[in-house]
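The following exercises concern the chain shown below. Each task is followed by a solution worked in steps.

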Amino acid sequence: MYHKILTIFKGDTLLDCVLSQDLDIPHECGGNCACTTCMVEVLSGECYLTPMEPPERDRLDLEGQLQTGTRLACQALCISSQAVIELLTS
Ligand code: FES
């Protein structure tokens, strides 16, 4: 598990951002919302990310992981030109 503060840019997913900074995060389904290996906890900056859509919500719910701040990194896109996000990975 690691705690990280990342700068993210519009249109990038959290997964894109994490991988571009040479941080290791599993993403077994290749970013297709078909696993939960990319799950992260967003500690701050969630307002700069796209709201959760039904496929992400359903996937997290199926795994019993639907909680405030929990996102699938491959599904959360930055909607601000630039933002700082604080997260925890497992
Ligand atoms: S990589 Fe599988 S849901 Fe994100």
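**Exercise 1. Locate cysteine 33, state the sign of its phi angle, and classify its exposure.**

Step 1. In this predicted model, cysteine 33 belongs to the loop between H1 and E2.

Step 2. The phi angle of cysteine 33 is near 60 degrees, a positive value in a residue other than glycine.

Step 3. A residue is buried with 20 or more other C-beta atoms within 10 Å, exposed with 12 or fewer, and partly exposed in between. Cysteine 33 has 16 C-beta neighbours inside 10 Å and therefore counts as partly exposed.

**Exercise 2. Carry out the corresponding analysis for aspartate 22.**

Step 1. Aspartate 22 is placed in the loop between H1 and E2.

Step 2. Its phi is near 55 degrees, which is positive although the residue is not glycine.

Step 3. Aspartate 22 counts as exposed because it has 6 C-beta neighbours inside 10 Å.

**Exercise 3. Determine whether asparagine 32 is buried or exposed, and give its C-alpha distance to cysteine 74.**

Step 1. Asparagine 32 is found in the loop between H1 and E2.

Step 2. There are 11 other C-beta atoms within 10 Å of asparagine 32, so the residue is exposed.

Step 3. In sequence, asparagine 32 and cysteine 74 are 42 residues apart; in space, their C-alpha atoms are 7.4 Å apart.

**Exercise 4. Describe the secondary structure of the chain and the arrangement of its sheet.**

Step 1. The chain contains two helices and four strands. Along the sequence they follow the pattern β-α-β-α-β-β.

Step 2. The four strands form an open sheet in the order E1-E4-E2-E3, and the pairing is antiparallel.

Step 3. Strand E1 (2-9) and strand E3 (70-72) occupy the edges; each has a single partner strand, so one side of each is left without a neighbour in the sheet.

Step 4. From one strand to the next, the twist averages 45 degrees.

**Exercise 5. Identify the bridges that join E2 to E3 and to E4, and name the partners of valine 40.**

Step 1. E2 and E3 run antiparallel and are joined by three bridges. Within this pair, methionine 39 has leucine 72 in E3 as its bridge partner, and valine 40 has arginine 71 in E3.

Step 2. E2 and E4 also run antiparallel, with four bridges between them. Valine 40 stands opposite threonine 89 in E4.

Step 3. In a regular strand the side chains alternate between the two faces of the sheet.

**Exercise 6. Which residues touch the most other members of the largest nonpolar core, and which elements give two or more residues to this core?**

Step 1. The largest nonpolar core has 18 residues, of which Leu14, Leu15, Val18, Cys38, Leu72 and Ala73 touch the most other members.

Step 2. Helix H1 (14-20), strand E2 (39-44) and E4 are the elements that give two or more residues to this core. H1 gives the most, with four residues.

Step 3. The contacts of leucine 72, apart from neighbours within four places in sequence, are Cys33, Thr36, Cys38, Met39, Glu56, Arg59 and Leu60.

**Exercise 7. Characterise the environment of leucine 88.**

Step 1. Leucine 88 is found in strand E4 (residues 82-89).

Step 2. Leucine 88 is partly exposed because 14 other C-beta atoms lie within 10 Å.

Step 3. Not counting residues up to four places away in sequence, leucine 88 touches Met1, His3, Val40, Glu41 and Leu43.

Step 4. Leucine 88 and serine 44 are 44 residues apart along the chain, and their C-alpha atoms are separated by 10 Å.

**Exercise 8. Assess the overall dimensions of the chain and the sequence range of its contacts.**

Step 1. For 90 residues, a compact globule would have a radius of gyration near 12 Å; the chain has 12 Å, which agrees.

Step 2. Taken along the principal axes, the C-alpha atoms fill a box of roughly 30 × 25 × 20 Å.

Step 3. Of the 90 residues in the chain, 24% are buried.

Step 4. Among contacts with a separation of 6 or more, 73% are between residues 24 or more positions apart.

Note on methods. Residues are numbered from 1 along each chain as its sequence is written. This is a predicted model: local features need pLDDT of at least 70, side-chain atom pairs count only at pLDDT 80 or more; totals for chains, interfaces and linings use all residues. Two residues are in contact if their C-beta atoms, placed from the backbone, lie within 7 Å. The radius of gyration is taken over C-alpha atoms; the globule rule is 2.2 Å times the number of residues to the power 0.38. A nonpolar core is a set of buried Ala, Val, Leu, Ile, Met, Phe, Trp, Tyr and Cys residues joined through C-beta atoms within 7 Å. Two strands pair if DSSP finds at least two bridges between them. Axes are lines fitted to C-alpha atoms, for helices over the stretch in contact, and angles run from 0 to 180 degrees between N-to-C directions.
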